[in-house]
Amino acid sequence: MFWRLVLKSLNGNKAKLLAGFLALLLAALLVSALLAVVFDLPNSLGKELRQFGANYTLKAGRKPFSEESLKKLKKKPLSDVVLAYASFAEIKIKKDFKTYTLIGTDLKALKKISPWMRLSSLNLRENEVLAGQDVAEVLGLKKGTELDFTSFIAKTPKRIASNNCISCHAISSSPNHKERLGKKPGISKCLECHDRHEVRERFNSNLVVAGFISGGGDEDGQFFADSQTVLGMKSSAGYRSVSLSVLTSKMPQKRFVGIIKANFDGARLQSNKQISQAEKGLLSKIKLLMILMTIVVLMTCGLSVTSMLSGAVMERRTEIGLMKALGASHSNITLLFAAELSTIALSAGFLGYFGGLGLAALLAQAVFKVTISPSLNIMLLSMASALILALVASVTPIRSALRIEPAVTLRGE
Amino acid sequence: MENLIEINQLVKEYDRKTAALKGIDLNIEQASWTTILGPSGSGKSTLLNIIGCLDRPSSGSVLIGGIEATRLSSGKLASFRRDNIGLVFQQQYLVGYLSALENVMLAQYYHSVVDERQAKEALERVGLAHRLEHRPSQLSGGEQQRVCIARALINDPKIILADEPTGNLDRENSENIYMLLQELRSEGHHTIILVTHDEKVGKLGDRIIKIADGKIQSDEKASR
């Protein structure tokens with residue numbers, strides 16, 4: 001009889017309860033939407049924050065990374081969290097007695113992990129380089145400038161017979177000197193300054209400036225070429241480091257570090273603390289904001305439900321008075337209202353979840369350009385929040401229902 | 001016959017200036033029909049509400065079957081009411097979203113166990129076998145009041161309290177209701193207390209008590 005009474009009452013009082021249902025539906029909808037966004041925030045915002053650069057650097061141990069070993073980053077489980085990466089090979093090059101770094105990398109991958117960088121070109125030919133903005137200014141480089149780089153060991157060198165002193169930079173091309181040193185590279189005394197004299201072979205690289213690169217960091221003082229160009233040079237030690245754009249929210253850091261260690265023997269993983277701290281701070285602030293908004297929404301809807309229920313109790317006071325006159329106890333009345341409200345709240349929570357999911361999907365698409373997938377947890381949370389809200393909001397109206405005196409309500413005079 | 005209800009010095013004051021009952025002394029025998037007569041505002045409904053455990057007096061005592069009803073807690077009073085008293089009001093108070101049958105079953109539900117067959121029998125007894133599934137809005141005033149009587153009887157109460165039960169009904173329906181009450185009276189195990197302002201109705205019972213201004217003016221046997 002109890003559920004028959006509850007269902008008939010819901011059906012009979014649907015007009016009176018409609019406002020409450022709508023308030024709870026709205027609450028559930030907003031809570032679901034906000035929770036869906038909050039739960040998905042680390043992923044969506046994480047992806048968004050990856051626009052600000054790689055958050056990890058993997059440095060090779062004694063053995064450089066090979067192309068083959070780096071393919072592990074594209075396989076599961078690492079592929080789940082590594083959104084993008086760029087590997088770097090580097091060699092030191094000299095121009096006008098100054099040492100510069102020539103980075104060999106996949107420029108498209110570089111652009112992906114550092115989208116803010118400005119690169120004149122993403123497709124370089126074998127003998128082309130991009131010059132950092134600062135270095136280009138210092139050296140007066142223009143597009144098309146042929147560089148007479150001196151690399152310590154180059155691939156297709158134009159041999160220049162000279163050796164230089166590390167201390168005084170004197171170049172010895174004296175035949176005697178060469179004879180004395182022999183043809184093998186090594187260290188001997190400089191004829192000029194009598195200090196260490198490094199015997200190295202020097203070669204012309206014949207590289208051409210194909211464009212420029214700028215990003216406001218170290219890259220402004222470096223040269224960039226395609227990976228294969230640099231890897232082809234004899235002095236190249238292979239990929240020495242890899243910048244990783246990692247979605248940290250998807251995998252605990254310990255597990256990620258463990259997997260990296262297992263796959264890249266001897267490598268060191270360094271996190272970009274500046275970025276990870278900023279990300280952490282931003283995430284917690286946005287989460288807090290969303291949670292506060294959820295609380296405000298719940299409080300507002302709670303007040304609406306209280307007001308609606310108070311109105312419904314007033315309208316149903318004769319019915320309540322009659323039930324009491326028939327012998328209904330306080331617990332009978334409380335249970336009836338609680339059951340009615342719970343049914344409404346759970347239905348509102350269930351329907352509100354789907355509405356909220358739609359709203360969250362719109363929000364996520366509009367703000368983060370990501371999709372939000374359905375979650376059973378959020379559905380349960382939506383239903384639970386509607387239920388708790390309804391029960392808390394019903395305390396005052398139910399108390400006023402219990403105060404109804406049948407003698408007063410059913411007075412016939 | 002043994003007294004079922006013993007009322008002593010019953011006073012009901014709403015505030016210092018307004019007293020609905022001013023020291024009522026009254027004994028009501030078991031299985032009798034007592035009619036309380038009085039003009040509007042005389043205190044007859046207040047007296048009925050206190051006997052029906054719907055209201056509490058300001059002072060005085062109400063012994064029902066040897067139990068002091070005024071000293072019972074709210075919960076025990078509700079329990080006492082559902083076990084011993086059947087109420088019929090002037091207005092046909094029914095739960096609008098329940099059918100006639102369910103309205104009767106509601107009283108069973110709050111009393112003990114719901115028995116649909118018994119509820120149907122109660123409605124058949126008041127001549128509503130064909131209206132079981134009708135809602136109050138689909139019933140006439142007389143039919144609604146008959147549902148109320150069936151509901152009042154369903155738990156077989158010792159006392160039936162009827163407050164102007166035909167106040168809103170036409171003559172034909174009123175006569176049907178009184179015939180029904182007379183049938184109950186003839187069964188001999190219900191104590192009926194009926195409040196009315198119609199002197200003719202008083203003649204249907206055993207005793208007429210006239211109340212005015214919160215006091216008993218006369219207490220006499222009904223002359224048939």
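This tour moves through a predicted model, from chain B to its contact with chain A and then to the confidence of chain A.

**Chain B as a whole**

Begin by selecting chain B and colouring it by secondary structure; seven helices and ten strands should appear. Chain B has 224 residues, and 50% of them count as buried. Among its contacts with a separation of 6 or more, 66% link residues 24 or more positions apart.

**Strand β7 of chain B**

Next, select residues 159-163 of chain B, which form strand β7. Are the residues of this strand buried or exposed? Five of the five are buried, so the strand is largely enclosed by the rest of the structure. Display the side chains to compare the two faces: Ile159(B), Leu161(B) and Asp163(B) lie on one side, Ile160(B) and Ala162(B) lie on the other, and all are buried.

Now add the strands that pair with β7(B). Strand β6, residues 85-88 of chain B, runs parallel to β7(B) and is joined to it by four bridges. Within β7(B), Ala162(B) has Val88(B) opposite it. Strand β8, residues 191-196 of chain B, is also parallel to β7(B), with five bridges between them. Here Asp163(B) stands opposite Val195(B) of β8(B). To follow the chain from β7(B) to β8(B), select helix α6, residues 171-187 of chain B; the path passes through this helix, and the β-α-β crossover is right-handed.

**Helix α4 of chain B**

Move to residues 116-125 of chain B, helix α4, and pick out Ala122(B) within it. Why does Ala122(B) count as buried? The reason is that 25 C-beta neighbours lie inside 10 Å of Ala122(B), where 20 or more are needed for a residue to be buried. Leaving aside residues up to four places away in sequence, Ala122(B) touches Val104(B), Ala150(B), Leu153(B) and Ile154(B). A distance label between the C-alpha atoms of Ala122(B) and Ala150(B) should read 5.3 Å, although the two residues are 28 residues apart along the chain.

Extend the selection to Ala119(B) and Leu123(B), which are buried in α4(B) along with Ala122(B). Looking down the axis of α4(B), one finds the buried residues within an arc of 95 degrees, so they line one face of the helix. The cover over these residues includes α3 and α5 (141-153) of chain B. After α4(B) comes Gly127(B), with a positive phi near 80 degrees.

**The contact between the chains**

Show both chains together and select the residues that touch across them: 30 residues from chain B and 23 residues from chain A. On the side of chain B, α1 (44-51), α2 (74-84) and α3 (100-111) each supply at least two residues. Of these helices, select α3(B), which provides the largest share of that side, seven residues. Coloured by class, the chain B side shows 14 nonpolar, ten polar and six charged residues.

**Confidence in chain A**

Finally, colour chain A by pLDDT. The mean for chain A is 78, and 80% of its residues reach 70 or more. Among the elements of chain A, helix α14 (residues 395-402) has the highest mean pLDDT, 92, and strand β8 (residues 158-160) the lowest, 40. Select residues 151-162 of chain A, where the pLDDT is below 50; this stretch has 34 contacts in the model beyond near neighbours in sequence. Residues 173-185 of chain A also have pLDDT below 50, with ten contacts beyond near neighbours in sequence. Where pLDDT is low, predicted coordinates should not be read in detail.

Key. Residues numbered from 1 in each chain as written. Chains lettered and ligands numbered in written order. Contact = placed C-beta atoms within 7 Å. Nonpolar A, V, L, I, M, F, W, Y, C, P; charged D, E, K, R; others polar. Buried ≥ 20, exposed ≤ 12 C-beta atoms within 10 Å, placed from the backbone. pLDDT = per-residue confidence, 0-100. Pairing = 2+ DSSP bridges. Right-handed = clockwise from strand over helix to strand, strands pointing away. Arc of directions from axis to C-beta.
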